[in-house]
Amino acid sequence: MAINIDLKEKSYKIFINELDEINLKGKVAIITNQTVAGLWLKDLLPKIKCDNLHIISIPDGEEYKNFKTLNDILEQLFIAKLDRKSTLISFGGGVVSDITGFAASIYERGINFINIPTTLLAQIDASVGGKTGINNKFGKNLIGSFHQPIAVYCEERYLSTLPKREFNAGISEAIKMAITFDKNLFDYFTKDELDLSYIIKKCNEIKAKVVSLDEKESGIRAVLNYGHTFAHAIENETNYKKYLHGEAVAIGMNMANHLAFKLGLISIDELNLIKKTLMKFNLPISYKIEDENLFYNLFFLDKKTNLGKIKFILPKSIGNFIIKDDIKKDIVLEVLKEFK
């Protein structure tokens, strides 16, 4: 099946389990990492039809989503003499899609790219919507651009070799969407049997609708960052090494839910139900904050913070949301103290 991202002249499709053959003109470079290449590159290569194909492998891990890796990619593109009619293909998880998209956005002022995500997190979130970037010492994805792919191919079979921890990190992002946009989907995660194709389809339908309404995250798209304001602070403090992104988001959602409960936006039963659902997938929900004031100040590096106001995305019961930028510091610090 195919889901359309409606962005007028930049519209494209998310293809689910429909990767048969991709025909491209000119030179093509596949950006991947050693892990994915070892498992699936032989499966992908016969499907790419082009004039000239190059493979670029980058280190595996969030800590490598940085300037050095970006520069290494760009140098190899120049050595291979790719031009403005060339195409990049990201073949990996969220790190690969983020950095490939960013490289595509700045190489010779912008070339086309395609995402072929190989993790659940990337298939339902990171590969769709054109948010690209890298990390630096100040925070996550603070350097980047909006640059839409020309197509996304989500193949369920690529998830068959995904470690359970990585799979659960992807489920975290799916639960994130369900809590803010779709109560029926959230209820689905409380059941024993899950249909992976259904989850990929539902999450991409949500993401497609939101991105079509708000490509540059000036409004409703910010809601997809529920839990991320806290998560990015956690990732920063732990140097992107202790938690997978989806794990940090799970903790961030729990922190955001405690804030929502304090503000009377969700009930204690809803708070505990979300905790129980996250824990069902072995996702962490706790984090020891050493200094709540230092942690609070990390929020100001979040991209949603404007004019000195921290924007919090909070659930308003399960299946709805509210965006607040007027929460007093004392109230936020009270919540942070609960995690000391």
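A residue counts as buried when its relative accessible area is under 20%, and as exposed when that area is over 50%. The exercises below apply this and a few other cut-offs to a predicted model.

**Exercise 1. Classify the ring pair Phe-230 and Phe-312, and state whether each of the two residues is buried or exposed.**

Step 1. A search of the whole structure finds 16 aromatic pairs, and the pair of Phe-230 and Phe-312 is taken here with its ring centres 5.7 Å apart and its planes at 35°.

Step 2. Rings pair if their centres lie within 6.5 Å, and planes under 30 degrees apart count as stacked while those over 60 count as edge-to-face. The angle of 35° falls in neither class, so the pair of Phe-230 and Phe-312 is tilted.

Step 3. Phe-230 belongs to helix α8 (residues 228–237) and Phe-312 to strand β12 (residues 312–315), so the contact ties together parts that are 82 residues apart in sequence.

Step 4. Phe-230 has a relative accessible area of 2% and is therefore buried; Phe-312, also with a value of 2%, is buried as well.

**Exercise 2. Which class does the pair of Tyr-287 and Phe-295 fall into, and which residues form one aromatic cluster with these two?**

Step 1. The ring centres of Tyr-287 and Phe-295 are 6.2 Å apart and the planes stand at 40°, so this pair is tilted.

Step 2. Tyr-287 is buried at a relative accessible area of 10%, and Phe-295 is buried at 0%.

Step 3. One aromatic cluster is formed by Phe-230, Tyr-243, Tyr-287, Phe-295, Tyr-296, Phe-299, Phe-300 and Phe-312, and this list includes the members of the pair from Exercise 1, Phe-230 and Phe-312.

Step 4. A ring may also meet a charge: the charged end of Arg-157 sits over the ring of Tyr-158, at 4.7 Å from the ring centre.

**Exercise 3. Compare the expected span of helix α9 with the distance between its end C-alpha atoms, and describe how the helix is placed.**

Step 1. The expected span is 1.5 Å times one less than the number of residues, and helix α9 (residues 245–262) has 18 residues, so it should span 26 Å.

Step 2. The end C-alpha atoms of α9 are 26 Å apart, which agrees with the expected value.

Step 3. Because 16 of the 18 residues of α9 are buried, the helix is largely enclosed by the rest of the structure.

Step 4. After α9 comes Gly-264, which has a positive phi near 80°.

**Exercise 4. Where are the non-glycine residues Lys-81 and Asn-141, each with a positive phi, placed in the chain?**

Step 1. Lys-81 has a phi near 60° and is found in the loop between α2 (67–79) and β7 (87–92). With a relative accessible area of 60%, Lys-81 is exposed.

Step 2. Asn-141, whose phi is about 55°, has its place in strand β10.

**Exercise 5. Describe the largest cavity by its volume and its lining, and then turn to the second largest pocket.**

Step 1. The count comes to 4 cavities of 30 Å³ or more, and the largest cavity has a volume of about 90 Å³.

Step 2. Among the residues that line the largest cavity are Phe-138, Lys-140, His-232, Asn-236 and Asp-302. Both β10 (139–146) and α8 supply at least two lining residues each, and the largest share, 4 residues, comes from α8.

Step 3. By class, the lining of the largest cavity divides into 5 nonpolar, 4 polar and 3 charged residues.

Step 4. The second largest pocket holds about 190 Å³ of space. Of its 13 lining residues, Lys-10, Asn-112, His-147, Gln-148 and Ile-150 are the closest to its centre, and by class the lining has 4 nonpolar, 5 polar and 4 charged residues.

**Exercise 6. How far apart, in sequence and in space, are Thr-180 and Lys-316, and how far apart are Leu-271 and Ser-317?**

Step 1. Thr-180 lies in helix α5 (residues 164–181) and is buried, with a relative accessible area of 1%. Between Thr-180 and Lys-316 there is a separation of 136 residues in sequence and of 7.8 Å in space, taken from C-alpha to C-alpha.

Step 2. Leu-271 is part of helix α10 (residues 268–280) and counts as buried at 3% relative accessibility. Leu-271 and Ser-317 are 46 residues apart in sequence, with a C-alpha to C-alpha distance of 9.1 Å.

Terms used. Residues are numbered from 1 along each chain as its sequence is written. This is a predicted model: local features need pLDDT of at least 70, side-chain atom pairs count only at pLDDT 80 or more; totals for chains, interfaces and linings use all residues. Side-chain values use heavy atoms; hydrogens and water are left out. Rings of Phe, Tyr and Trp (its six-membered ring) pair if their centres lie within 6.5 Å; planes under 30 degrees apart count as stacked, over 60 as edge-to-face and the rest as tilted. Buried means under 20% relative accessible area, exposed over 50%, partly exposed in between (1.4 Å probe, protein chains only). A charge sits over a ring if NZ of Lys or CZ of Arg is within 6 Å of the ring centre and within 35 degrees of the ring normal. On a 1 Å grid over the protein atoms alone, a cavity is a set of points where a 1.4 Å probe fits but cannot get out, and a pocket is an open set with protein on both sides within 12 Å along at least five of seven lines; lining residues have an atom within 4 Å of a point. Grid points are joined across faces, edges and corners, and a volume is the space filled by probe spheres set on the points. Ala, Val, Leu, Ile, Met, Phe, Trp, Tyr, Cys and Pro count as nonpolar, Asp, Glu, Lys and Arg as charged, and the others, Gly among them, as polar.
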